[in-house]
Amino acid sequence: MSDKTYPPAPEFAANAHVDAARYAEMYKASIDDPEAFWAEHGKRIDWIKPFTRVKDVNYNFGDVSIKWFEDGTLNVAANCIDRHLATRGDQTAIIWEPDEPGDDAQHITYKELHAEVSKMANVLKNLGIGKGDRVVIYLPMIPEAAYAMLACARIGAIHSIVFAGFSPDALGARVNGCDAKLVITADTAPRGGRRTKLKDNVNQALLHDTTDVKCLVVQRTGDQIAWRRDLDFWWHEEAEKVSADCPPEEMSAEDPLFILYTSGSTGQPKGVVHTSGGYLVYAAMTHQYTFDYHDGDIFWCTADVGWVTGHSYIIYGPLANGATTLMFEGVPTYPDAGRFWAVCEKHKVNQFYTAPTAIRALMGQGNEFVERYDLSDLKLLGTVGEPINPEAWNWYNDVVGKGNCPIVDTWWQTETGGHLITPLPGATAAKPGSATLPFFGVQPVILETESGKEITTTEAEGVLCIKDSWPGQMRTVWGDHDRFQATYFQQYKGYYFSGDGCRRDADGYYWITGRVDDVINVSGHRMGTAEVESALVAHSKVAEAAVVGYPHDIKGQGIYAYVTLMSGETPTEELRKELSDWVRQEIGPIAKPDLIQWSPGLPKTRSGKIMRRILRKIAENDYGSLGDTSTLADPGVVDELIENRMNRG
Ligand code: WTA
């Protein structure tokens with residue numbers, strides 16, 4: 001890791017919302033008196049009934065409860081739309097860039113957004129959706145995805161977005177998991193010149209469903225689809241029947257806004273619940289300060305709305321701030337590796353926010369794809385999702401930013417709602433590969449992994465926890481508060497446990513070292529090894545499977561699966577492909593194993609526990625230092641695995 005620092009340029013700092021002195025002062029205030037700090041910043045959004053209580057938080061295992069602005073009421077959609085109408089009704093709220101560069105982009109003003117969202121809200125009501133009902137959104141990156149989210153927020157329904165790359169099975173599990181009454185989808189979804197049959201996937205997902213889940217279908221391509229009579233409705237037909245006016249529902253600050261399923265270290269994905277008031281305050285505030293967003297700027301976050309990054313930094317944060325936010329339907333490499341930069345030039349993007357995996361992939365394609373375009377409107381670059389290696393950081397800085405754009409490396413999670421550790425571009429000197437310093441109100445601590453003791457020296461390494469709460473924190477796991485407590489508050493008592501390892505350097509900068517649990521980070525997407533394992537063992541020819549991550553040049557981590565076949569089955573190349581395709585079908589393309597090693601046996605302790613540490617080492621091609629293997633039931637298994645290892649790079 002490089003320790004070279006890049007201080008903010010004086011001209012940038014001079015015009016920034018926050019410079020170094022102001023950061024120090026505001027950070028101190030936020031820690032000394034959180035109540036006063038958040039009482040002030042809670043006012044950045046419009047409340048129907050102002051809150052009088054700021055914070056009511058209990059981190060004690062068994063009694064965990066997190067509430068912010070509890071007695072205030074508001075409507076999130078009204079904050080993202082209606083309150084801007086008087087001052088910026090004709091300003092573009094959303095720029096939509098379609099998959100095909102030749103197709104027309106759309107510029108949707110705040111007025112138009114108001115009309116579309118209100119119509120969709122009325123359609124939802126006509127379909128029987130009301131306050132507290134769950135709606136699954138399974139859409140491509142089209143404006144209707146924003147309308148759907150905000151329409152739910154407007155009437156107080158809780159949305160749960162399922163990334164359009166997930167399989168019918170994964171979709172079905174999420175629809176059932178939150179008892180959704182309605183799925184909003186599209187006929188088919190163009191992406192990178194190919195089409196995904198979303199409506200067909202929904203039909204398959206709901207095949208065994210007996211509760212008659214309805215489906216609202218956006219016509220994106222006009223492709224043929226199978227229709228479920230009485231249950232399916234075209235958005236464009238229903239929209240004609242309703243008015244473009246729908247009064248926003250008054251919601252309590254702690255009413256759920258959305259559920260978002262994410263992978264954990266055990267079992268199936270869990271439904272992370274975010275509520276209305278605190279989440280919106282935090283998403284909006286981090287969007288403004290971390291990206292140093294100013295009125296009139298064009299902001300582009302390349303994430304998909306299926307991930308938390310899309311929720312907080314394509315939709316809720318920017319729109320709450322009255323920003324112009326860009327939504328891109330396509331992929332970075334279609335029609336070629338210059339697409340991101342073509343879109344930046346075309347729409348005069350000022351802040352650009354993407355993932356290290358995309359940067360590494362584009363870096364590998366050569367500089368000419370960047371140099372072809374005029375990127376002079378760029379003022380700031382951001383990254384999220386995984387640690388960025390200094391090489392990629394330098395390329396981003398030199399080739400994309402021409403040395404003129406601060407880079408913000410933002411560390412956060414689905415659970416945190418918004419950035420927790422991040423540079424503020426006018427205040428913080430960047431160090432390539434470090435997420436640097438905490439955001440206002442955030443108190444990171446590093447604990448000894450085993451003892452859980454807080455390490456109080458400046459230089460420290462261990463697990464990353466957070467002392468005390470911040471408004472954007474998740475409140476519970478949908479339907480399973482015990483799991484919420486067990487996952488985040490049990491192992492290290494009195495703290496929020498992030499699941500990440502971390503180092504703090506002599507300057508107090510934080511360096512995320514990766515997950516310390518059985519979650520792997522593939523191209524910036526979280527994948528639970530347990531999920532991939534359970535998909536593999538669901539195949540009739542598989543007896544047992546163990547999945548670990550290994551370093552991958554582009555993806556950050558790749559998926560390495562050790563598979564034991566049922567006796568009598570022959571390991572062949574065809575079977576290897578069959579298993580890969582199987583996982584792809586069970587979960588989605590992002591879960592497809594990169595390497596599958598046939599493993600007649602797995603290293604287990606005498607009590608039958610698989611020793612993942614050993615499997616990780618072998619997958620990393622670092623089998624010289626396996627440590628103590630004497631507790632293994634059959635140490636011979638290890639030699640066999642090393643002998644036939646798949647990663648020899
Ligand atoms: C990882 C994405 C290093 C981390 C917003 C975390 C990062 C997980 C960074 C959350 C970063 C995210 N540097 N690692 N800047 N940002 N991570 O829930 O392991 O999809 O726990 O949220 O991504 O992933 P999630």
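Reader: Where is Asn621 found, and how should I read its phi angle?

Author: In this predicted model, Asn621 is found in the loop between helix H20 (612–619) and helix H21 (636–643). Its backbone deserves a second look, since phi of Asn621 is near 65°, a positive value in a residue other than glycine.

Reader: Where does Lys348 lie, and what is its phi?

Author: Lys348 lies in the loop between H13 and strand S18 (351–354), and its phi, near 55°, is again a positive value in a residue other than glycine. As for its surroundings, Lys348 is partly exposed, with a relative accessible area of 49%.

Reader: Which residues does a cis peptide bond join, and what is omega there?

Author: Omega is the angle to read for a peptide bond, and here it is about 0° between Tyr334 and Pro335, which are joined in the cis form. Pro335 itself lies in the loop that runs between strand S17 (324–328) and helix H13 (339–347).

Reader: Is Glu97 buried or exposed, and what does its side chain join in a polar contact?

Author: A charged side chain is best read together with its partners. Glu97 lies in strand S4 (residues 92–97) and is buried, with a relative accessible area of 1%. Its side chain and that of Arg339 are joined by a polar contact of 2.7 Å. Not counting residues up to four places away in sequence, Glu97 also touches several others, including Leu326, Phe328, Val343 and His347.

Reader: Is Gln485 buried or exposed, and which backbone nitrogen does its side chain reach?

Author: Gln485, which lies in helix H17 (residues 481–488), is buried, with a relative accessible area of 5%. The side chain of Gln485 reaches the backbone nitrogen of Asp63 at 3.4 Å. Leaving aside neighbours within four places in sequence, the residues in contact with Gln485 are Asn60, Phe61, Gly62, Asp63, Val64 and Gln490.

Reader: How many disulfides does the structure hold, and why is Cys405 not bonded to Cys344?

Author: The place to begin is the distance between sulfur atoms, where a disulfide needs a pair within 2.5 Å. The structure holds 0 disulfides. Cys246 is in none, and the nearest cysteine sulfur, that of Cys152, is 11 Å away. Cys246 is also buried, with a relative accessible area of 0%. Cys405 has no bond to Cys344 because their sulfurs are 9.8 Å apart, which is too far, although Cys344 holds the closest cysteine sulfur. Cys405, too, is buried, with a relative accessible area of 5%.

Reader: Which residues come nearest to the ligand, and which elements supply the shell around it?

Author: A binding site can be read from its residues outward to the elements that carry them. Of the 17 residues around the ligand, Asp409, Thr410, Thr414, Asp500 and Arg526 come nearest. Helix H12 (308–320), strand S20 (407–410) and strand S25 (510–515) each supply at least two residues of the shell. By class, that shell has 6 nonpolar, 6 polar and 5 charged residues.

Reader: Which atoms of the ligand lie close to polar atoms of Glu386, Asp409 and Arg515?

Author: Here one asks which atom stands on each side of a pair. A nitrogen atom of the ligand is 2.7 Å from an N or O atom in the side chain of Asp409, and a nitrogen atom of the ligand is 3.4 Å from a polar backbone atom of Glu386. At Arg515, a polar side-chain atom lies 2.8 Å from an oxygen atom of the ligand. Taken alone the ligand exposes 520 Å², and the protein buries 95% of that.

Note on methods
Residues numbered from 1 in each chain as written. Predicted model: local features only at pLDDT ≥ 70, side-chain atom pairs only at ≥ 80, totals over all residues. Heavy atoms only, no water. Buried < 20%, exposed > 50% of the residue type's maximum accessible area, 1.4 Å probe, protein only. Near = heavy atom within 4 Å. Polar contact = N/O pair within 3.5 Å; in protein donor to acceptor, adjacent residues only side chain to side chain. Areas by Shrake-Rupley, 256 points an atom, 1.4 Å probe, with all protein chains shown as cover. Helix = DSSP H or I, 4+ residues; strand = E, 2+ residues; numbered from the N terminus. Nonpolar A, V, L, I, M, F, W, Y, C, P; charged D, E, K, R; others polar. Contact = heavy atoms within 4.5 Å.
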